[in-house]
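Colleague: Could we go through the charged side-chain pairs in this model, taking the residues one at a time?

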Amino acid sequence: MNEEDEQELRFELARLRQEHSDLDAAIAVMSETGRIDPLRIQRLKKKKLALKDRIAVLEDQLLPDISA
């Protein structure tokens with residue numbers, strides 16, 4: 001992987017982490033304010049989980065397992 005590809009992956013990783021954090025905050029606010037729409041919260045949690053999976057894939061690409 002060249003330096004440019006690695007930089008792109010790091011940028012994407014940072015963007016996904018921010019989006020994951022934003023979703024977490026939105027879910028918390030919805031729960032705390034009593035404005036609970038169960039279907040919307042379920043969708044947000046599902047999207048958050050998909051982001052977490054994508055983050056894990058990118059992290060694995062940037063930091064490959066070095067078991068030798």
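Colleague: Is Arg15 buried, partly exposed or exposed?
Modeller: Bear in mind that the model is predicted, and that buried would require under 20% relative accessible area whereas exposed would require over 50%. The relative accessible area of Arg15 is 38%, so Arg15 is partly exposed.

Colleague: Which residue forms a salt bridge with Arg15 in which the closest N and O atoms are 2.8 Å apart?
Modeller: The partner lies three residues from Arg15 in helix α1 (residues 3-33), a separation of about one helical turn. With 23% relative accessibility, this partner is partly exposed. The residue that pairs with Arg15 at 2.8 Å is Glu12.

Colleague: What is the N to O distance in the salt bridge between Glu19 and Arg15?
Modeller: Glu19 and Arg15 are four residues apart in helix α1, which again separates them by about one helical turn. Glu19 has a relative accessible area of 23% and is partly exposed. Their side chains meet in a salt bridge whose N to O distance is 3.2 Å.

Colleague: How many residues apart in sequence are the parts tied together by Arg17 and Glu59?
Modeller: The side chains of Arg17 and Glu59 meet in a salt bridge, with 2.4 Å from N to O. Since Arg17 belongs to helix α1 and Glu59 to helix α2 (residues 38-62), the pair ties together parts whose separation in sequence is 42 residues.

Colleague: Which residue joins Glu12, Arg15 and Glu19 in one network?
Modeller: Arg15 forms salt bridges with Glu12 and with Glu19. Through salt bridges that share partners, the network that holds these three residues also takes in Lys47.

How values were computed. Residues numbered from 1 in each chain as written. Predicted model: local features only at pLDDT ≥ 70, side-chain atom pairs only at ≥ 80, totals over all residues. Heavy atoms only, no water. Salt bridge = Lys/Arg side-chain N within 4 Å of Asp/Glu carboxyl O. Helix = DSSP H or I, 4+ residues; strand = E, 2+ residues; numbered from the N terminus. Buried < 20%, exposed > 50% of the residue type's maximum accessible area, 1.4 Å probe, protein only.
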